[in-house]
Number of protein chains: 2
Amino acid sequence: MKKADLSREPGVPRRNNTQQILNAAEKIFSAYGFAGARVDDIAKACALPKANILYYFGSKEELYRATLQRLLVGWLADADQWISIKHTPIVGLEGYVRAKMEFSRSRPDASRLFMHELLAGGEYVRVFLDSTLREHVEQKALVFEYWHKEGLCAPVNATHFLFTLWSMTQAYADMQVQFAAVLGRRRLNITDFETGISTIMQLVGAICRTSQPLTSHKQADTIQQKAATKRNRIPQ
Amino acid sequence: MKKADLSREPGVPRRNNTQQILNAAEKIFSAYGFAGARVDDIAKACALPKANILYYFGSKEELYRATLQRLLVGWLADADQWISIKHTPIVGLEGYVRAKMEFSRSRPDASRLFMHELLAGGEYVRVFLDSTLREHVEQKALVFEYWHKEGLCAPVNATHFLFTLWSMTQAYADMQVQFAAVLGRRRLNITDFETGISTIMQLVGAICRTSQPLTSHKQADTIQQKAATKRNRIPQ
DNA sequence: GTCTATACACAGATAGAC
DNA sequence: GTCTATCTGTGTATAGAC
């Protein structure tokens with residue numbers, strides 16, 4: 001009795017298998033990192049022969065690079081959409097936190113894989129960190145500057161504030177085992193993530209409501225928008 | 001020319017070496033995790049023969065357990081000292097954040113090792129998570145409850161609030177590579193940690209200042225204490 | 001293109017000299 | 001107690017049958 005010979009048409013098996021392999025690789029690499037993962041485990045996770053995997057990707061290292069690459073694509077998309085002068089801080093930051101938390105909930109392995117890479121020194125994401133991510137943060141800092149000038153948010157170190165947003169939201173993936181244990185569960189459920197969002201937004205509120213109110217005429221009708229921790233719309 | 005034959009008196013070499021090995025093990029395990037670390041790398045890191053290490057600890061797994069054990073001891077001490085009804089929220093939480101950040105700064109490897117263990121599933125810290133840590137959090141939740149009843153802090157989900165404090169502070173160790181890259185440095189410096197503390201305390205301020213002020217007579221002279229983000233004293 | 005069988009290197013562990 | 005030399009299982013990678 002063969003395992004999983006579903007969707008294995010002889011014509012286009014390669015593209016089909018490639019995705020299966022990448023999914024399995026993300027799962028295994030996210031648990032044990034590059035050095036700790038075994039190609040054989042990845043093979044078992046996608047029910048494909050080990051040699052098959054190495055045939056497609058050439059080597060374990062190339063497979064690792066490909067897995068990371070797929071991860072980084074779209075990693076920054078959420079921030080571009082939500083941390084923008086098109087939104088008020090309260091709306092934009094909640095949208096961002098919700099998007100990051102949804103990522104932690106639906107693709108925890110992706111988040112964990114990235115953390116593994118950072119723990120190991122970030123050799124394989126060096127270019128991404130030094131160029132792409134750094135420039136990204138500089139752009140977002142301009143948005144916070146704008147928000148502050150408009151009297152929409154308190155003065156804050158935008159870079160370190162982003163650090164806190166990343167760490168709080170990604171922790172719901174990376175530290176899920178710890179959080180679940182404290183809550184007496186085996187895994188976090190959807191309600192836990194909602195409670196997390198509410199708690200994070202409570203903290204973020206310290207930034208959204210200006211501690212030193214400016215006299216901007218725009219202030220009154222913007223910062224009064226309530227947190228709306230249950231919705232996830234684009235107001236515009 | 002021999003390496004490091006300093007402090008190797010024939011009488012008590014064992015206890016001496018044991019510490020050296022544990023230090024090296026923490027360093028290597030924190031970078032690659034249990035599965036990814038090589039005993040030989042640990043041997044090189046402490047300039048001792050591989051067989052020597054296995055002689056002292058029996059196996060790689062036993063060495064890993066011992067390294068984790070040393071880590072968990074005192075992991076919770078900071079919280080017991082600072083998250084206490086002896087302090088006001090503003091003083092206690094800043095003390096706690098400072099202590100956690102100092103840990104991330106001075107012993108980043110310890111923090112990273114714990115993260116590695118969580119990513120791998122937490123098998124070796126299962127008992128700690130399910131019993132010790134869980135009970136610890138329940139105790140701390142009582143402190144937050146007390147603080148809220150006294151009108152000293154806003155209503156907050158104590159468990160998830162602790163999650164945010166852990167994640168924000170430990171990220172300065174676990175994500176140090178990423179943070180440093182964004183800041184254009186090779187490593188975080190002491191100023192970066194201070195800025196991090198300030199930013200975190202800005203967020204924590206949302207909890208310390210009650211959003212729904214109670215009429216407690218104690219309120220006026222307690223919540224007015226300023227953040228004092230530069231000091232670190234115990235006000236009794 | 002796919003997969004079985006295998007080569008080769010390396011890791012953890014141990015035997016035994018000192 | 002300490003450490004060199006070595007055994008044995010496991011891991012990556014590949015050769016070659018189908």
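I started with the contacts between two helices of chain A in this predicted model. On the H8(A) side I listed A:Leu133, A:Val137, A:Lys140, A:Ala141 and A:Phe144, which meet A:Ala158, A:Thr159, A:Phe161, A:Leu162 and A:Trp166 in H9(A). Sorted by class, the contact of H8(A) with H9(A) has 8 nonpolar, 1 polar and 1 charged residues. The charged one is A:Lys140 in H8(A), and the polar one is A:Thr159 in H9(A).

Next I looked up the geometry of the pair. Two packed helices are described by the angle between their axes and the distance between the axes. Helix H8 of chain A runs over residues 126-149 and helix H9 of chain A over residues 158-174. I noted a packing angle of about 110 degrees and axes 9 Å apart. H8(A) is therefore roughly perpendicular to H9(A), since angles of 65 to 115 degrees count as such. The crossing of H8(A) and H9(A) is right-handed.

I then checked the annotation. The unreviewed UniProt entry places a "DNA-binding region" on residues 38-57 of chain A. For residues 38-57 of chain A I noted 75% helix and 0% strand. The end C-alpha atoms of this span lie 15 Å apart.

Last, I compared the two chains. A turn of 180 degrees with a shift of 0.0 Å along the axis lays chain A on chain B, with an RMSD of 0.0 Å. I entered this as the relation of a two-fold axis. In chain A, A:Gly36 has the C-alpha nearest the axis, 1.8 Å from it. The same surface serves both copies, as 100% of the contact residues of chain A recur in chain B.

Notes: Residues numbered from 1 in each chain as written. Chains lettered and ligands numbered in written order. Predicted model: local features only at pLDDT ≥ 70, side-chain atom pairs only at ≥ 80, totals over all residues. Heavy atoms only, no water. Axes fitted to C-alpha atoms, helices over the stretch in contact; angles between N-to-C directions. Helix = DSSP H or I, 4+ residues; strand = E, 2+ residues; numbered from the N terminus. Parallel < 35°, antiparallel > 145°, perpendicular 65-115°, else oblique. Left-handed = near helix turned anticlockwise from the far one by under 90°. Contact = heavy atoms within 4.5 Å. UniProt positions renumbered as here; feature names shortened; annotations may be inferred. Least-squares fit on C-alpha atoms with pLDDT ≥ 70 in both.
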